[in-house]
Amino acid sequence: MSMFRAKKLDLGSFVNVKVIRDHTKRKVFAENEPERQALRYIIRNLALPQRTRVQAQLQLAQMHCYTRPTQIRNRCIEGGKGRGVLRDFKMTRYNFRLNALAGKLPGVKKASW
Amino acid sequence: MASSTPIRLPWRLLTRAVGAAHPLIPSTHYIRTQQPISFQRPAISRNYSEATPPPEVENATPPSQPPQTLTENTPVSEGPPGPPRLPRAVQAVYLRPLRRQAEYGVPSCDLQLRSYSVRNLEFFCDFALRAAYYLGLPASGPVPLPRITERWTVPRASFVYKKSQENFERRTVRRLIQIKDGNPETVELWLAFLQKHAYYGIGMKANVFEFAKVGVGKNMDTEMEKMKDIVGKTWDRVGVATTVGTKLTAEEIIERVNTQNFRAATHGNAPLSKLPGSISR
């Protein structure tokens with residue numbers, strides 16, 4: 001969504017439409033997290049009046065989908081791929097292998113046991 | 001026997017050699033033994049060989065003069081004449097790090113060192129132990145903690161061909177150094193020193209224990225009562241450097257917190273800390 005996107009490129013890694021989109025989603029989620037949590041708290045709080053809780057429910061449902069944490073997906077910093085990304089290195093398996101064999105990842109060696 | 005030991009030998013060999021000579025002496029106190037290990041100084045010869053033409057200055061000295069060494073300049077005070085030893089502090093560098101005895105054995109700091117290479121880790125542990133000794137801290141360790149082995153298996157190819165895979169691993173080695181009976185300020189100093197001289201590829205994590213008298217909560221309550229006036233004044237202007245007397249409203253504070261400079265100061269310049277809507281000042 002263009003209204004959330006940064007006007008200037010604020011990424012240093014591999015850049016791709018999908019990478020920018022994911023990055024924007026992360027930023028929007030971080031910005032709106034307190035509000036989401038507050039609404040979630042109101043919805044789950046049995047001590048509050050029913051009307052308030054329903055209103056909170058509606059408000060939460062009407063929030064933009066970019067504010068949801070489920071929209072965030074880890075992407076490869078080297079190639080922007082969304083699948084097979086190793087969490088430890090933020091890289092796809094093949095990029096991980098290339099970097100590991102080149103010795104660019106500290107401490108990672110070929111294993112044999 | 002030990003007098004013929006060359007200067008370049010590592011401490012392991014030295015201690016082994018001396019330990020064989022004096023089996024009764026505990027291994028940690030070689031420096032204090034009555035027969036210290038003496039080191040031969042490198043004899044610096046002023047005589048040039050015949051192959052190289054001697055310079056003008058050297059022509060004045062007769063060629064029959066024996067090689068002049070540094071030992072001639074240093075007077076030998078007592079004992080049989082032999083090669084002089086290095087200063088004790090320099091000798092200690094070649095030996096196992098010295099330790100202080102803990103009187104009570106109350107732990108005051110646990111320092112965990114982590115690295116991917118044992119060599120660097122051992123070296124830095126040695127350094128940390130020496131630093132602790134010279135600061136007067138009784139240190140124990142390094143205790144080798146269990147290694148952390150992480151393994152990844154990935155296909156060799158960029159696409160499909162799952163049958164052919166490759167294994168990678170990363171082994172993290174850990175060491176624990178415990179300081180006992182340490183003065184909290186000295187421990188802080190030690191940690192700061194280690195941080196200042198941090199070695200490459202070594203991570204450090206310290207758990208510092210503080211001890212207080214029984215009734216900490218009550219003491220804190222009384223302190224709070226005493227500080228109420230001062231704290232109240234301070235909290236009126238919390239985190240904002242303004243002149244005394246001016247008060248910021250909540251909106252102003254929120255606005256200020258959301259400025260880009262403030263966020264950069266508190267959360268660093270990470271991409272997430274820069275909000276698109278934030279005002280740059």
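A salt bridge is a side-chain nitrogen of Lys or Arg within 4 Å of a carboxyl oxygen of Asp or Glu. In this predicted model, A:Arg97, A:Lys110, B:Arg156 and B:Glu166 are linked in a network of such bridges. The search of the whole structure finds 12 salt bridges over all chains.

## Chain A

Chain A contains three helices and three strands. Along its sequence these elements follow the pattern α-α-β-β-α-β. The chain has 113 residues, of which 31% count as buried. Among its contacts between residues at least 6 apart in sequence, 39% join residues at least 24 apart. The area that chain A exposes is about 7,700 Å², and carbon and sulfur atoms supply 52% of that area.

## Nonpolar cores

The largest nonpolar core has 20 residues. Within this core, the residues with the most contacts are B:Leu113, B:Ile177, B:Ile179 and B:Trp190. Four elements of chain B each supply at least two residues of the core: strand 1, helix 3 (118–134), strand 3 (165–180) and helix 4 (184–196). Helix 3 of chain B gives the most, with seven residues. Another core, of 10 residues, lies apart from this one, and A:Phe89, A:Ala100, A:Leu105 and B:Phe168 are among its residues.

What does B:Leu113 contact, leaving aside its neighbours within four places in sequence? The residues in contact with B:Leu113 include B:Leu121, B:Phe124 and B:Cys125, as well as B:Val173, B:Arg174, B:Arg175 and B:Ile177. B:Ile202, B:Gly203 and B:Met204 are also in contact with B:Leu113.

## Strand 1 of chain B and its partners

Strand 1 of chain B is largely enclosed by the rest of the structure, because seven of its nine residues are buried. Strand 1 pairs with strand 3 of chain B in the antiparallel sense, over eight bridges. In this pairing, B:Asp110 stands opposite B:Gln178 of strand 3. Strand 1 is also joined by seven bridges to strand 4 (residues 202–208) of chain B, and these two strands likewise run antiparallel. Here B:Gln112 stands opposite B:Lys205 of strand 4. In a regular strand the side chains alternate between the two faces of the sheet.

B:Thr172 has its place in strand 3 of chain B. Its relative accessibility is 8%, and residues under 20% count as buried, so B:Thr172 is buried. Not counting residues up to four places away in sequence, B:Thr172 touches B:Arg114, B:Ser115 and B:Tyr116, together with B:Arg147, B:Ile148 and B:Glu150.

## Salt bridges within chain B

Side chains of opposite charge can pair when their charged atoms come close. Three such pairs in chain B are set out below.

| Salt bridge | Distance, N to O |
|---|---|
| B:Glu150 and B:Arg170 | 3.1 Å |
| B:Arg151 and B:Glu169 | 3.1 Å |
| B:Glu223 and B:Lys226 | 3.8 Å |

The pair of B:Glu150 and B:Arg170 links distant parts of the chain: B:Glu150 lies in strand 2 (residues 139–155) and B:Arg170 in strand 3, 20 residues apart. B:Glu150 is partly exposed at 23% relative accessibility, whereas B:Arg170 is buried at 13%.

B:Arg151 and B:Glu169 also lie in strand 2 and strand 3 of chain B respectively, so their salt bridge ties together parts that are 18 residues apart in sequence. B:Arg151 has a relative accessible area of 38% and is partly exposed, while B:Glu169 counts as buried at 9%.

Where do B:Glu223 and B:Lys226 lie? Both belong to helix 5 (residues 216–236) of chain B, three residues apart, which is about one turn of the helix. B:Glu223 is partly exposed, with a relative accessible area of 39%. B:Lys226 has a relative accessible area of 61% and is therefore exposed, as the cut-off for this class is over 50%.

## A nonpolar patch on the surface

B:Tyr104, B:Val106, B:Phe209 and B:Phe211 make a nonpolar surface patch of about 460 Å². One of these residues, B:Val106, is found in the loop between helix 2 (88–94) and strand 1 (107–115) of chain B. Is B:Val106 buried or partly exposed? With a relative accessible area of 35%, B:Val106 is partly exposed.

Terms used
Residues numbered from 1 in each chain as written. Chains lettered and ligands numbered in written order. Predicted model: local features only at pLDDT ≥ 70, side-chain atom pairs only at ≥ 80, totals over all residues. Heavy atoms only, no water. Patch = residues over 30% accessible without salt bridge, like charges linked within 9 Å, V, L, I, M, F, W, Y side chains within 5 Å. Areas by Shrake-Rupley, 256 points an atom, 1.4 Å probe, with all protein chains shown as cover. Buried < 20%, exposed > 50% of the residue type's maximum accessible area, 1.4 Å probe, protein only. Core = buried A, V, L, I, M, F, W, Y, C linked by side-chain atoms within 4.5 Å. Contact = heavy atoms within 4.5 Å. Pairing = 2+ DSSP bridges.
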